[in-house]
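Visitor: Could you zoom in on one small part of this protein for me? Pick a spot, tell me how it sits among its neighbours, and then work outwards from there.

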Amino acid sequence: MKLVTIDAGIAGAPGAILRSGEILHLARAALPGSLEAWLPGSLREILAAGEAGLAIVRQIVQRVEAMEHTPRERLRAAGTLTGAATPLLAPIPRPGLVLAAGLAYRSHLAEMAGTPAPPHPTGFLKSPHSIAAPDTPVILPPDADRQVDYEGELAVVFGRTCHGVTAQTALDYVGGYTVANDLSARDWVRAVWEAREPWQARTAWEVNIMGKQFDGFTPLGPALVTSDEIPDPALLQLTTRLNGEVMQQASVSDLIFDVAHTIAHFARWYTFEPGDVLLTGTPAGVGVGRKPPVFLRDGDVVDVTVTGIGHLRSTVCRA
């Protein structure tokens, strides 16, 4: 299933994308007096309900998919079934935890002056306030607007509480996958490269990571595709375009540590709850790795596509 959060009400409303491309408002489609009326009010709560929550969603979607023309028209007239242009929020508008893997793709390390592969997955936390809806403006920070970079990524959304798991079982805790853009203000990255002492490198890297924390710097979505439709994330293909030009193109199989091993590594320390997000890293082609560098400017359009999941678009603008 392709699940979305419709931009409705205070915190959004859970929806699903049908085969026609139309968006189904799940709560409005639920049959009164039936188990469907128990449907939780957000995708995060649906994931937390486990298979029972997803089963109710699946029942609603299958029932509407099987409808003939006339009952579908009634749903459209009632605003229960809307067009593909329906405004959406991020699938999980405010995750409790956002963790981003770094130095993850072999191709990306090669372009970054031959950075050696790390001995284990590396990562950093991102502010939940950095999550942004698809098709919404990315605001260039007034004090750091000259070196903002794109990073197309596959994102994992957890469906079960995950801690202390093994790589063999890690994917069992994934609720679904979505598309992300891990935007980065690179103003402070040169200090990392120029550091000569361990303490210099440590403090420079800490400040560099702050360049990823601006509000709206993690566009996410538009859809969360449930994990039953993606048995092996390594088979997915990721493409990032800037103003229509391909900048990044890679298979997720190029990850140094696959998704399962990445989850298992971080789950040694973190407890992931349903709705929490793990960004899995970005492949070669980022702006800072190009000669000359390519950074985002007012009016630029960034499109990130992951096969089988969807297409995330963001337009860049000044404050």
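Guide: Let's start at Thr 218, which has a relative accessible area of 0%, so it counts as buried. The cut-off here is 20%: anything under that is called buried. Keep in mind as we go that this is a predicted model.

Thr 218 belongs to strand 14, which covers residues 218–219. Who does Thr 218 touch, leaving aside its neighbours within four places in sequence? The list is Lys 126, Ser 130, Ile 131, Ala 132, Asn 181 and Leu 279.

Let's follow one of those contacts, Ala 132. This residue is in strand 8, made of residues 131–132. Ala 132 has a relative accessibility of 12%, so it is buried too. Setting aside residues within four places in sequence, Ala 132 makes contact with Ala 90, Gly 216, Thr 218, Pro 219 and Leu 220. For a sense of scale, take Ala 132 and Val 286: they are 154 residues apart in sequence, and their C-alpha atoms are 20 Å apart in space.

Ser 130, another contact of Thr 218, gives us a second ruler. From Ser 130 to Ala 113 is 17 residues in sequence, and 28 Å in space from C-alpha to C-alpha. Ala 113 sits in the loop between helix 5 (106–111) and strand 7 (122–126). With a relative accessible area of 79%, Ala 113 is exposed.

Now look at the loops around here. Most residues other than glycine have a negative phi, and most peptide bonds are trans. Past strand 14, in the loop that leads to strand 15 (224–226), you'll find Pro 222. The bond joining Gly 221 to Pro 222 is a cis peptide bond, with omega about 0°. There's another cis bond from Lys 291 to Pro 292, where omega is near -5°. Pro 292 is in the loop between strand 18 and strand 19 (301–306).

Phi has some surprises as well. Asp 135 isn't a glycine, yet its phi is positive, near 60°. You'll find Asp 135 in the loop between strand 8 and strand 9 (137–140), and at 59% relative accessibility it is exposed. Asn 243 also has a positive phi, about 55°, without being a glycine. Its loop runs between strand 16 (237–242) and strand 17 (245–251). At 47% relative accessibility, Asn 243 is partly exposed.

Next, helix 8. Is helix 8 largely enclosed or open? Seven of its eight residues are buried, so the rest of the structure largely encloses it. The buried ones are Val 259, Ala 260, Thr 262, Ile 263, Ala 264, His 265 and Phe 266. They pack against strand 6 (98–102), strand 7, strand 11, strand 12 (174–181) and strand 18.

In soluble globular proteins, nonpolar side chains tend to be buried together. Here, the largest nonpolar core has 46 residues, and Ile 263 and Ile 309 have the most contacts inside it. Helix 8 gives this core its largest share, four residues. A second, separate core holds 34 residues, including Leu 39, Ile 56, Leu 75 and Val 277. Not counting residues up to four places away in sequence, Ile 263 touches eight others named here: Val 156, Phe 158, Cys 162, Val 165, Ala 170, Leu 171, Val 174 and Leu 278.

Phe 158 leads us to the rings. The structure has three aromatic pairs. In one of them, Phe 158 and Phe 272 are stacked, at 4.2 Å centre to centre with 10° between the planes. This pair bridges distant parts of the chain, 114 residues apart: Phe 158 is in strand 11 (residues 152–158), and Phe 272 is in the loop between helix 8 (259–266) and strand 18 (277–279). Both residues, Phe 158 and Phe 272, are buried. Add Tyr 270, and ring pairs link the three residues into a cluster. Elsewhere, the charged end of Arg 160 sits over the ring of Tyr 173, 4.2 Å from its centre.

Finally, step back to the whole chain. The chain has eight helices and 20 strands, and 53% of its 319 residues are buried. Among contacts with a separation of 6 or more, 77% are between residues 24 or more positions apart. The radius of gyration is 20 Å, which agrees with the value near 20 Å for a compact globule of 319 residues.

Notes
Residues numbered from 1 in each chain as written. Predicted model: local features only at pLDDT ≥ 70, side-chain atom pairs only at ≥ 80, totals over all residues. Heavy atoms only, no water. Phe/Tyr/Trp six-rings, centres within 6.5 Å; stacked < 30°, edge-to-face > 60°. Helix = DSSP H or I, 4+ residues; strand = E, 2+ residues; numbered from the N terminus. Buried < 20%, exposed > 50% of the residue type's maximum accessible area, 1.4 Å probe, protein only. Lys NZ or Arg CZ within 6 Å of the ring centre and 35° of its normal. Rg over C-alpha atoms; globule rule 2.2 N^0.38 Å. Contact = heavy atoms within 4.5 Å. Core = buried A, V, L, I, M, F, W, Y, C linked by side-chain atoms within 4.5 Å.
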